[in-house]
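Here are my notebook entries from a session with one structure. I wanted to look at its domains, its inner spaces and one of its helices.

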Amino acid sequence: MASKHLTAALRRTSPFRSFSTAAATTAHPPPAAEPYDDGEGISMKGVKIAGRPLYLDMQATSPLDPRVHDAMLPYNLSRYGNPHSRTHLYGWESDAAVEAARAQVASLINASPKEIVFTSGATEANNISVKGVMNFYKDKKRHVITTQTEHKCVLDSCRHLQQQGFDVTYLPVGPDGLVDLDQLRSAVRSNTGLVSVMMVNNEIGVIQPMEEIGKICKEFNVPLHTDAAQALGKIPIDVEKMNVSLMSLSGHKIYGPKGVGALYMRRRPRIRVEPQMNGGGQERGIRSGTVPTPLVVGMGAACELAMREMEYDERRINKLQERLLNGIRARLDGVVVNGSTERRYVGNLNLSFAYVEGESLLMGLKEVAVSSGSACTSASLEPSYVLRALGVDEDMAHTSIRFGIGRFTTEAEIDRAIELTVNQVEKLREMSPLYEMVKEGIDIKSIQWTQH
Amino acid sequence: MTSAVPPPVRSEVLLLFRSLLRTSREFADYNIREYTKRRTIDAFRQNRDLSDPSAVVAAFSDGKSQLEVARRQVIVHSLYAPKVKSVMEIKH
């Protein structure tokens, strides 16, 4: 009923700018903050494009699924209570929603709801896991094992531990991105307190052999932590089969809201951590602070959706990835896929284009929202440490592009992305004297460059 | 005791299908619009041969609740639709 009135009102009046508070507070928006030209495309940071780019960066973040948004809205509007208020309806209904969401998250990973702690994201969950576990067991356990391709938050936490006097082993990975199980086995010591290996890598999409790693950790009785931010809802996760003690989960990678995540902490055998956020003892003392009900409800809804849609999405995204790779390979040579082709998540395609300069390739791809190998790690132009760990040459690392395909990607978008990428690469290669030499048959590596 | 809800007739199912497709067309966002249309068609196609009446009733009521969600979200999205459209919608 109310919706009928609203839609009728929509048809009567044109753009709702007078109702938007943002427009109300700034009568004349400052020129720097207002990038949009009216209806004529977008001009921002010196680039002019006709419309909003097509989004192929699902590893950075994902759009909010409308069904998730619908679940969140009541908790932003009328059900705004604090879930820790025990004395009135607002608190009770909010708490019920948080507990329902907790059960939804737990069922996706085959865990019990009592083992889920809500955090502000996977980064916080990683911090609690790495620093919290080692600080709790610091008298007996002084050694951590991790890999060179972990997410920055894990590597940075390990560096922090090193400064505190702990030992850290950074396991190298093979050229396919996978951890060597024998090297892992030989790295475990009697005082190893934690092994941390991410399930699906965010840059190259490689899936680590978690079950085998879990077996090794069980054999040596070492807790296993995994960063499953990119894996949740995309590949089947079973904490029992993988023998995982701690798992970091993120909301905004599975079409949920940003600013929420969860930490799975095993109860049998119990793993204990030193809390990184002190306060009123919420979330069983592990993470104090008011639990953000709308965000948590969103994450729960996203997890439930992921459980229902996982098979359908995976089939579709697999077809789209094949279409993308075959489409590019059909028209270009010198295309290398970074990371293992067998053990990879289908929605992540990291390609390097030989004889092309990375920054100029990205500058020409403004109508496609993709990420390059270096951009997501630092603000500098240093090539990505993940690609370096794979042993990729620096020039190939600079030209890497990461295509992220998701639930909402269409075939038409893939075709357009192929066209734009191929055109840009061909244009750049035509201009490149290096490519001319390669076509003539000269081996670039054997050239003696004269020094001036 | 399971409630004796009669399974939906063919015309009801078709009406639900058409309503979902009509609602999906109204989404302001290109990706969500295409997804809703595609998912509706695939879901109905997958459930076409359901024989167990309780499964049919469950699928139908799930479809109806999804229709309500879609109707609400169409309104919310249209309130905040960006002025500039996706490059996929602009004539190439």
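The entries below go through what I looked up, topic by topic.

**Ground rules.** I am working with a predicted model, where local features need pLDDT of at least 70, side-chain atom pairs count only at pLDDT 80 or more, and totals for chains, interfaces and linings use all residues. Residues are numbered from 1 along each chain as its sequence is written, chains are lettered from A and ligands numbered from 1 in the order in which they are written, and side-chain values use heavy atoms, with hydrogens and water left out.

**Domains.** I began with the split of chain A into domain 1 (66-305) and domain 2 (310-437), with bounds that come from an automatic or database domain assignment. Taken over C-alpha atoms, their centres are 29 Å apart. I then looked up their contact (heavy atoms within 4.5 Å): 31 residues come from domain 1 of chain A and 23 residues from domain 2 of chain A.

**Cavities.** Next, how many cavities of 30 Å³ or more are there? I found 3. A cavity here is a set of points on a 1 Å grid over the protein atoms alone where a 1.4 Å probe fits but cannot get out, and lining residues have an atom within 4 Å of a point. The volume is the space filled by probe spheres set on the points, which are joined across faces, edges and corners.

The largest cavity holds about 100 Å³. Its lining has 13 residues, with Gly233(A), Lys234(A), Tyr255(A), Asp313(A) and Tyr345(A) nearest the centre. At least three lining residues come from each of domain 1 and domain 2 of chain A.

The second largest cavity holds about 50 Å³. I noted Lys234(A), Tyr255(A) and Tyr345(A) among its lining residues, which also include Met58(A) and Ile405(A). Where does the second largest cavity lie? Both domains of chain A give residues to its lining, so this cavity lies between them.

**Helix α8.** Finally I turned to α8 (residues 210-220) of chain A, whose buried residues (under 20% relative accessible area, 1.4 Å probe, protein chains only) are Met210(A), Ile213(A), Gly214(A), Ile216(A) and Cys217(A). Seen down the axis, they fall within an arc of 160°, so they line one face of the helix; the arc is that of the directions from the helix axis to the C-beta atoms. Helices (H or I, at least four residues) and strands (E, at least two) are DSSP runs, numbered from the N terminus. The buried residues of α8(A) pack against α7 (181-187), β7 (192-196), β8 (224-227) and α9 (239-242) of chain A. On the other side, Lys215(A), Lys218(A) and Glu219(A) are exposed, meaning over 50%.

Conventions. On a 1 Å grid over the protein atoms alone, a cavity is a set of points where a 1.4 Å probe fits but cannot get out, and a pocket is an open set with protein on both sides within 12 Å along at least five of seven lines; lining residues have an atom within 4 Å of a point.
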